Amino acid sequence: ELARLRRDALALARTSLPMLLLGETGSGKSALAERVIHPATGRKGPFVAVDLSAIPPTLVAAELFGTARGAFSGAVDRGGVLEAAHGGTLFLDEIGNLPLEAQRMLLLAVENGRVTRLGEVTPRAVDVKLVAATNAELLALVAAGSFRADLYARLNPTARLLLPPLRRRASDLEELIAAFVERAFARGADRALVADYARAARLPPESRVAVAFGRARPDAARITFVFPSSSLSAMRAYAWPGNLRELGLVVSNALVFALSDALQAARRGTGATASAPRVIPVPAQSVRRLMAGAPDAGDGAAVGLRLRAQPGLRQVARDLERQLYDQLYRQSEGDFAAMARRLLGAGTPAAARRVRLRFNQLGLRVRKS
């Protein structure tokens, strides 16, 4: 399935036509746009992604098209994301949430290659590869009158790409896990943990990582994480309600737990790492436990909060709520729809906006990756 998606995406990326990606939340639409489609376009400009479900409807037009000073109260001179993506790729996630007036403006911008900031009359030239994505049925929205038929037609629905949910892509699991392994230790604190382990196990500090499954031969030149066959079988049988986002969370957590255990063993000079330092087993029990408690599984998984004394009960409640939102934000990798599913039992755009509003009210801020 991955090979087919890449082939079709590469063929469409080289055209000037907009692209439409369809699939459930977390099925990998943004990753396909950024890591496959954008590089394949050959464009030198940036990849710019916008989640339209996270922007209040009254601010969408300003975000897309920019503003002139005085266009409305508090408006300043600034370009929108269409200008920011000039010469590159603009990824509009959850396109079905775009208000009708903004749909009209987007259609004109795509057709004419020009954008006019709010409050201005002079258009500016823009050249972008437009990639739109949604988990909604756009034809139903067209029939209901909430999505313009002409914009739907302009989004090239005859050449749309459908990303199947992970539960229908069991054959892709090994390749996907390998990609998550590489990404997990590419940089940051987890990469530093690999370096700590390499030093403790007397391996080169710049050692890279790899993954193997079952009885497959580990990579002799890398630190290899080995998933037992039983783990892979359990992962193939699992429904993955959170799709790739949930898989990435399970894999990254399982890797960190396994690496932490291996680091302790290496420092003590005990355990399997003493005789085979380049091989780190990933316990099947750990993988099963993580799947059972994954944030997107909808099973009411527990979260850990610290009770800290405050001047009053209201402050205690706010502190606990702030911890809860911060932890859910980290676990869901910034996906407010996933947070809404855990908190409210629904991942609709309206629920996601409510969660994001409360997130901001608690003094928390969206982190840029």
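**Exercise 1.** Determine whether Ala-75 is buried or exposed, and describe its surroundings.

*Solution.* Start with the class: Ala-75 has a relative accessibility of 9% and therefore counts as buried, a label given under 20% relative accessible area, with exposed meaning over 50% and partly exposed in between, for a 1.4 Å probe and protein chains only. The model is a predicted one, in which local features need pLDDT of at least 70 and side-chain atom pairs count only at pLDDT 80 or more, while totals for chains, interfaces and linings use all residues. Residues are numbered from 1 along each chain as its sequence is written, and side-chain values use heavy atoms, with hydrogens and water left out.

Next, place the residue: Ala-75 sits in the loop that runs between α3 (60-65) and α4 (81-84), where helices (H or I, at least four residues) and strands (E, at least two) are DSSP runs numbered from the N terminus. Then list its partners: once residues up to four places away in sequence are set aside, Ala-75 touches Thr-67, Ala-68, Arg-69 and Gly-70, contact being heavy atoms within 4.5 Å. Finally, Ala-62 lies 13 residues from Ala-75 in sequence, and their C-alpha atoms are 9.0 Å apart in space.

**Exercise 2.** Work out the strand order of the open sheet of 5 strands, and identify its edges.

*Solution.* Reading across the open sheet gives the order β2-β3-β6-β1-β7, with parallel pairing; two strands pair if DSSP finds at least two bridges between them. The edges are β2 (47-51) and β7 (161-163), each of which pairs on one side only. On average, and with direction ignored, neighbouring strands of this sheet are turned by 20° against each other. Helix α1 (residues 2-13) packs on the sheet, where it touches β1 (19-23), β6 (129-134) and β7, and its direction makes about 150° with that of β7; axes are lines fitted to C-alpha atoms, for helices over the stretch in contact, and angles run from 0 to 180 degrees between N-to-C directions.

The bridges can now be assigned pair by pair. Strands β2 and β3 (residues 89-93) run parallel and are joined by 5 bridges, with Asp-51 standing opposite Asp-93 in β3. Between β1 and β6, also parallel, there are 4 bridges, whereas the parallel pair of β1 and β7 has 3, with Gly-23 opposite Leu-163 in β7.

**Exercise 3.** Describe the burial of β1, and then follow Leu-21 to its contacts.

*Solution.* Strand β1 is mostly covered, as 5 of its 5 residues are buried. Met-19, Leu-21 and Gly-23 point one way from the strand, while Leu-20 and Leu-22 point the other way. Leu-21 itself has a relative accessible area of 0%, which is why it is classed as buried. Opposite Leu-21 in β6 stands Ala-133; although these two residues are 112 positions apart along the chain, their C-alpha atoms are separated by 4.5 Å. With neighbours within four places in sequence left aside, the contacts of Leu-21 include Lys-29, Leu-32, Phe-91, Val-131, Leu-161 and Leu-163.

**Exercise 4.** Classify the packing of α1 against helix α2 (residues 29-41), and examine the buried residues of α2.

*Solution.* The two helices pack at an angle of about 45°, with their axes 8 Å apart. They are therefore oblique to each other, since angles under 35 degrees count as roughly parallel, over 145 as roughly antiparallel, 65 to 115 as roughly perpendicular and the rest as oblique. In the contact, Arg-6, Ala-9, Leu-10 and Ala-13 of α1 meet Leu-32, Val-36, Ile-37, Ala-40 and Thr-41 of α2. These residues divide into 7 nonpolar, 1 polar and 1 charged, where Ala, Val, Leu, Ile, Met, Phe, Trp, Tyr, Cys and Pro count as nonpolar, Asp, Glu, Lys and Arg as charged, and the others, Gly among them, as polar.

The buried residues of α2 pack against α1, β1, β2, β3, β6 and β7. One of these residues is His-38, which counts as buried at 13% relative accessibility. After α2 comes Gly-42, whose phi is positive, near 75°.

**Exercise 5.** Classify the packing of helix α15 (residues 336-344) against helix α16 (residues 349-361).

*Solution.* Here the angle is about 95° and the axes are 8 Å apart, and α15 and α16 are therefore roughly perpendicular to each other. Among the residues that meet are Phe-336, Met-339 and Leu-343 in α15, and Val-355, Arg-356 and Phe-359 in α16. The contact as a whole divides into 10 nonpolar, no polar and 2 charged residues.
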